[in-house]
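Reader: I'd like a close look at a single part of this structure rather than a tour of everything. Could you pick one piece and walk me through its surroundings?

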Amino acid sequence: MCCAVAWNSKRTEQIAAGLDKVRLDYGVLVWDIERQMSVRSTFDTAGRSLSPMAPRRAAGAAGSTACRSDLSSCMSFDISAAGAVDAVVTPLATLSNSEAAVALSWLPDDPHGLLVGTSFRWMRLYDVRTQHELFAWRAHTKAVYGVTFDPFNEHRFITFSDDAGGVVKGWDVRKMREGGRQYDGATLNSLFTINAAEAVAETRGGGGVYGAASKGLLQVDWCPTRRGLLGTISDGLNGLLLWDVDRGVA
């Protein structure tokens, strides 16, 4: 099952897919769509490529080359002889072995860097060229469901998880590059932490239009027009919460 998809904004022919965990399989596959499109994928069972059919002639119009009025194009393909051929070729990169990848984001300042949030609470930074893990740390106590970079600061990004009813953390990607590669047990200090469930309970008493209580975050995203502003939506709440992370207010 595919859990996440992320396009590379610098190398737009590359797309990464995060997959549910399958034992001994990779959780992240990176594809080059230009390479994919260059591969012929429509073959019949004998291995012959399919040829376009001649344009259909309009009924009752001898010699006419006009198509039938109900066809959107004069060109069609006869696929009746095509077998069920696997059209998938080898991906450009395979990452996160035996670990489900539920969140993905490419680094804005590095076309080869890919951040992966896993179902085992870890964040991992990979170099797609070498397929090596550059940095890893325990970001949350539960699965990391989202990774999003600040549109006003290419070094800052947030992650969110269901731990403690919904927690958002901010990070600086430069800290990973300074620290070198980390292994199991590694920690990285976050820039800030937001606990959506606690904030609602403290400021609204757990009632009103906001509902009874937060049951976990559904979505978190940066405002594209105002610096430092985050929006969160939580399961069980009937409203959108806005957070100014630069000023530390909700």
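Author: Here is a walk through one strand, its neighbours in the sheet and the contacts that lead away from it. Keep in mind that this is a predicted model.

Let's start with strand β11, residues 167-172. Six of its six residues are buried, so the strand is largely enclosed by the rest of the structure. The side chains split between two directions: Val167, Lys169 and Trp171 point one way, while Val168, Gly170 and Asp172 point the other way. Whichever way they point, all of them are buried, and that includes a lysine and an aspartate.

Now for the partners. On one side, β11 pairs with strand β10, residues 153-161, in the antiparallel sense over six bridges. To find your place on screen, look for Ser161, which stands opposite Val167 in β11. The two strands form a hairpin with five residues between them. In that turn, Ala164 has a positive phi of about 60°.

β11 is also joined to strand β12, residues 192-195, by four bridges, and these two run antiparallel as well. Here the handy marker is Lys169, whose bridge partner in β12 is Thr193.

Zoom out a little and you get the whole sheet. Four strands make an open sheet in the order β9-β10-β11-β12, with antiparallel pairing. β9 (144-150) and β12 stand at the edges with a single partner strand each, so one side of each has no neighbour in the sheet. From one strand to the next, the twist averages 20°. As a reminder, strands of a sheet pair through backbone hydrogen bonds, either parallel or antiparallel.

The β9 edge is worth a stop. β9 pairs with β10 over six bridges, again antiparallel, and Val144 stands opposite Ser161 in β10. Ser161 is also the residue opposite Val167 in β11, which makes it a good point to trace across the strands.

Further along the chain, Ser105 in strand β5 (residues 101-106) touches this region too. Leaving aside neighbours within four places in sequence, Ser105 is in contact with Gly113, Leu114, Leu115, Val147 and Phe149. Ser105 is buried, with a relative accessible area of 10%.

Back to β11 for the charges. Asp172 forms a salt bridge with Arg174, 2.8 Å from N to O. Asp172 is buried at 11% relative accessible area, whereas Arg174, at 38%, counts as partly exposed.

Next door in β10, Arg156 has a salt bridge of its own, to Asp246 at 2.9 Å, N to O. That pair links distant parts of the chain: Asp246 lies in the segment after β15 and Arg156 in β10, 90 residues apart. Arg156 is buried, with a relative accessible area of 11%, while Asp246 is partly exposed at 44%.

For comparison, take a pair outside the sheet strands described above. Asp127 and Arg129 meet in a salt bridge of 3.0 Å, N to O. Asp127 is buried at 10% relative accessible area, but Arg129 is exposed at 55%. In total, the count comes to nine salt bridges.

One last stop is at the surface. Leu218, Ile233, Leu240 and Leu242 make a nonpolar patch of about 370 Å², and Leu240 is found in strand β15, residues 240-244.

Technical notes:
Residues are numbered from 1 along each chain as its sequence is written. This is a predicted model: local features need pLDDT of at least 70, side-chain atom pairs count only at pLDDT 80 or more; totals for chains, interfaces and linings use all residues. Side-chain values use heavy atoms; hydrogens and water are left out. Buried means under 20% relative accessible area, exposed over 50%, partly exposed in between (1.4 Å probe, protein chains only). Two strands pair if DSSP finds at least two bridges between them. Axes are lines fitted to C-alpha atoms, for helices over the stretch in contact, and angles run from 0 to 180 degrees between N-to-C directions. Patches are made of residues with over 30% relative accessible area and no salt bridge: like charges are joined within 9 Å, nonpolar side chains (Val, Leu, Ile, Met, Phe, Trp, Tyr) within 5 Å. Accessible areas come from the Shrake-Rupley method with a 1.4 Å probe; for residues, only the protein chains shown count as cover. A salt bridge is a side-chain nitrogen of Lys or Arg within 4 Å of a carboxyl oxygen of Asp or Glu. Contact means heavy atoms within 4.5 Å.
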